[in-house]
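Biologist: Could you take a close look at one part of this model with me and show how it fits into the rest? I would like the cut-offs behind each term as well, please.

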Amino acid sequence: LGFFRVGLSLDKFSRIIHQTQSHTLWFSLLIILLGSGGLSIIFYHQYLQYKRYKVLEESFQRTERLKSIGKLAAGVAHEIRNPLNAIGMTIQRLQHEYLPEQTESREEFIQFTKVIRQEVRRVDKIIGNFLNFAKEPKLEIQSVDITSIIKDLSCIFSQEAKEQGVTIHTQDNQNPLSCLCDPNQIKQALINIIRNALQAMANGGPLWINSGTLRDNIFISIKDTGEGIADIEKIFEIYFTTKEDGIGLGLPISQKIIEEHGGKIKVNSKQGEGTEFHIYLPLKPRKYVVEKKSP
């Protein structure tokens, strides 16, 4: 008696099955990765679209609010401009008819009356800006020395700061910091920020106003030692204010002015330590409209 054993080796088939499983696994992982990448790109694109939508929505809401401000300003512009014109004419008469006899006092008198006349003209221009705020404003671009503007502002706020026990420190730049901008609007933006800083420093202290150049920009920093800002994300929202007598327009207007010049404004603040505003103005704005001044 005997028997035959017939066997078939499955090693080759096992290798084929193993390779097939390996290829299937890698192919599945590749599909998952490609799918995840595609979904990520789609979600990222949707996120960018959402951000653009939010920016447009906020811009639209800001425009609508500014339109309401313009309507409000139109109602009171006439009543404000009449006393402003009277103040301007009075200051002009003082300059010509009531000059002090002493040379030192005369120069100081001329300087202060000159600043008052400039501020009267600026206030009149602010009213005009309110009336046309809903429209795209025309910037009166010219070469301006930012250092000179800061010196004027230090003079304007010197008495108010002294009464509050605030010491204003400005950077003594040997060379002028010239850039193309609208000096009246830039001055208005800085005044709003400096006034807020003074109002935040009820107990007095130092206030620093520095300036310089950074690549293709001129930067201005205004740093106070006040109480700080709690809701820093809301400070540029129209009508948002923490002051009892505030109307919440100063900082939004400043932001709009800076952005119209192609610049940026950033804020750092710590509770109990103070707030610092960083303003960046391009040396040469990309787009602007020059209005010729009448002689």
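**A close look at helix α5**

Modeller: Happy to. The protein chain has a mean pLDDT of 80, and 85% of its residues reach 70 or more; pLDDT is the predictor's confidence in each residue, from 0 to 100. Residues 288-295 fall below 50, and beyond near neighbours in sequence this stretch has 13 contacts in the model, a contact meaning heavy atoms within 4.5 Å. This is a predicted model, in which local features need pLDDT of at least 70 and side-chain atom pairs count only at pLDDT 80 or more, while totals for chains, interfaces and linings use all residues. Residues are numbered from 1 along each chain as its sequence is written, and side-chain values use heavy atoms, with hydrogens and water left out.

A little context helps before we zoom in. The chain has five helices and seven strands, which are DSSP runs (H or I of at least four residues for helices, E of at least two for strands) numbered from the N terminus. Along the sequence they come in the order α-α-β-α-β-β-α-β-β-α-β-β. There are 295 residues, of which 31% are buried; buried means under 20% relative accessible area, exposed over 50%, and partly exposed in between, with a 1.4 Å probe and protein chains only. The chain exposes about 20500 Å², with 55% supplied by carbon and sulfur atoms; these areas come from the Shrake-Rupley method with a 1.4 Å probe, and for residues only the protein chains shown count as cover. If you take the contacts between residues at least 6 apart in sequence, 72% of them join residues at least 24 apart.

Now to α5. Nine of its 11 residues are buried, so the helix is largely enclosed by the rest of the structure. The buried ones are L251, P252, I253, S254, Q255, K256, I257, I258 and E260. Just after the helix, G262 takes a positive phi of about 80°.

One partner of α5 is α4. Helix α4 covers residues 183-200 and α5 covers residues 250-260; they pack at an angle of about 145°, with their axes 9 Å apart. Axes here are lines fitted to C-alpha atoms, for helices over the stretch in contact, and angles run from 0 to 180 degrees between N-to-C directions. The crossing of α4 past α5 is left-handed: the near helix is turned anticlockwise from the far one by less than a right angle, and clockwise would make it right-handed. From α4 come Q185, I186, Q188, A189, N192, I193 and N196, which meet G250, L251, I253, S254, I257, I258 and E260 of α5. By class, this contact holds seven nonpolar, six polar and one charged residues. Ala, Val, Leu, Ile, Met, Phe, Trp, Tyr, Cys and Pro count as nonpolar, Asp, Glu, Lys and Arg as charged, and the others, Gly among them, as polar.

Helix α4 also reaches another helix. E119 sits in α2, residues 103-131, and touches I156, K187 and I191, leaving aside its neighbours within four places in sequence. At 14% relative accessibility, E119 is buried.

On the sequence side leading into α5, the loop between β5 (217-223) and α5 contains I229. With a relative accessible area of 23%, I229 is partly exposed. Not counting residues up to four places away, I229 touches I235, S269, Q271 and T275. The C-alpha atoms of I229 and G272 lie 8.8 Å apart, although the two residues are 43 apart in sequence.

One loop earlier, between β4 (205-214) and β5, you will find R215. Most residues other than glycine have a negative phi. R215 has a positive phi near 55° without being a glycine. R215 is also exposed, with a relative accessible area of 73%.

For a contrast in burial, try S154 in helix α3, residues 146-164. At a relative accessible area of 16%, S154 is buried, and S154 touches I168 and T170, not counting residues up to four places away in sequence.
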